[in-house]
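Student: Please walk me through one part of this model closely. I would like to start where two strands face each other, and then see what lies around them.

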Amino acid sequence: VEVQDTGTGIREAHLPRLFDPFFTTKPVGVGLGLGLSVVKKIVDLHGGAIDIKNAASSGAIVTLILRTQQENAT
């Protein structure tokens with residue numbers, strides 16, 4: 001699944017830290033900076049992957065890869 005927004009994108013300096021626990025760009029007392037780290041942990045535990053990058057034109061692109069389970073043929 002891939003989703004792209006049309007915003008201003010993410011500062012390049014922030015991209016490597018997006019999934020770090022307690023990393024936030026919000027003021028103190030507004031959120032804990034845990035949302036994306038929790039999402040990444042859940043996706044990882046299910047054998048998937050998540051990536052966030054800036055789009056070439058504008059905005060950001062979030063790519064989510066989820067593993068599917070093949071049913072056993074009987």
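**The hairpin and its surroundings**

Tutor: Start with one pair: Asn 54 stands opposite Ala 60 in strand 3. Keep in mind that this is a predicted model. Asn 54 belongs to strand 2, which covers residues 49–54. Strand 3 covers residues 60–65. The two strands run antiparallel, and 6 bridges join them. Now look for another pair. Ala 49 has Ile 65 as its bridge partner in strand 3.

Next, the turn. Strand 2 and strand 3 form a hairpin, with 5 residues between them. One residue in that turn is Gly 59, whose phi is positive, at about 85°. Gly 59 also has a visitor from elsewhere in the chain. Gly 7 touches both Ser 58 and Gly 59, leaving out residues up to four places away in sequence. Where does Gly 7 sit? Its place is in the loop between strand 1 and helix 1. Gly 7 counts as partly exposed, because its relative accessibility is 34%, and that class runs between 20% and 50%.

Strand 3 has a second partner. Strand 1, residues 2–4, runs antiparallel to strand 3, and 3 bridges join the two. So far, then, strand 3 is bridged to strand 2 and to strand 1. Take one example: Val 3 has Val 62 in strand 3 as its bridge partner. A general point helps with strands. In a regular strand, side chains alternate between the two faces of the sheet.

Follow Val 62 to the surface. Together with Val 1 and Val 3, Val 62 makes a nonpolar surface patch of about 260 Å². Val 1 lies in the segment before strand 1. Is Val 1 buried or exposed? Val 1 counts as exposed because its relative accessibility is 67%, and the exposed class begins over 50%. Val 1 still has company. Neighbours within four places in sequence aside, Val 1 is in contact with Val 62, Thr 63 and Leu 64.

Now go to strand 2 and pick Ile 50. Which residues does Ile 50 meet, apart from neighbours within four places in sequence? Its contacts are Phe 19, Val 39, Lys 40, Val 43, Val 62, Thr 63 and Leu 64. Three of these names have come up before: Val 62, Thr 63 and Leu 64 are also contacts of Val 1. Ile 50 is part of the largest nonpolar core as well. That core has 6 residues: Leu 15, Leu 18, Phe 19, Phe 23, Ile 50 and Ile 52. The general tendency is that nonpolar side chains in soluble globular proteins are buried together.

Phe 19 leads us on to helix 1. Besides its contact with Ile 50, Phe 19 touches Ser 37. Ser 37 lies in helix 1. Setting aside neighbours within four places, the contacts of Ser 37 are Phe 19, Asp 20 and Pro 21. Ser 37 is classed as buried because its relative accessible area is 13%, and the buried class is under 20%. How far is Ser 37 from Gly 7? Their C-alpha atoms are separated by 22 Å, and they are 30 residues apart along the chain.

Stay with helix 1, residues 35–45. Lys 40, a contact of Ile 50, forms a salt bridge with Asp 44. The closest N and O atoms of that pair are 3.2 Å apart. Why does the spacing suit a look along the helix? Asp 44 and Lys 40 are 4 residues apart in helix 1, so about one helical turn separates them. Both are partly exposed: Asp 44 has a relative accessible area of 36%, and Lys 40 has 27%. The C-alpha atoms of Lys 40 and Val 1 are separated by 15 Å.

The whole structure has 2 salt bridges. Asp 20, a contact of Ser 37, takes part in one: its side chain meets that of Arg 17 at 3.4 Å, N to O. Arg 17 is partly exposed at 41%, and Asp 20 is partly exposed at 30%. In general, side chains of opposite charge can pair when their charged atoms come close.

One last stop is Phe 22. Phe 22 sits in the loop between strand 1 and helix 1. Its phi is positive, about 70°, although Phe 22 is not a glycine. With a relative accessible area of 57%, Phe 22 is exposed.

Note on methods
Residues are numbered from 1 along each chain as its sequence is written. This is a predicted model: local features need pLDDT of at least 70, side-chain atom pairs count only at pLDDT 80 or more; totals for chains, interfaces and linings use all residues. Side-chain values use heavy atoms; hydrogens and water are left out. A nonpolar core is a set of buried Ala, Val, Leu, Ile, Met, Phe, Trp, Tyr and Cys residues joined through side-chain atoms within 4.5 Å. Buried means under 20% relative accessible area, exposed over 50%, partly exposed in between (1.4 Å probe, protein chains only). Contact means heavy atoms within 4.5 Å. Patches are made of residues with over 30% relative accessible area and no salt bridge: like charges are joined within 9 Å, nonpolar side chains (Val, Leu, Ile, Met, Phe, Trp, Tyr) within 5 Å. Accessible areas come from the Shrake-Rupley method with a 1.4 Å probe; for residues, only the protein chains shown count as cover. A salt bridge is a side-chain nitrogen of Lys or Arg within 4 Å of a carboxyl oxygen of Asp or Glu. Two strands pair if DSSP finds at least two bridges between them.
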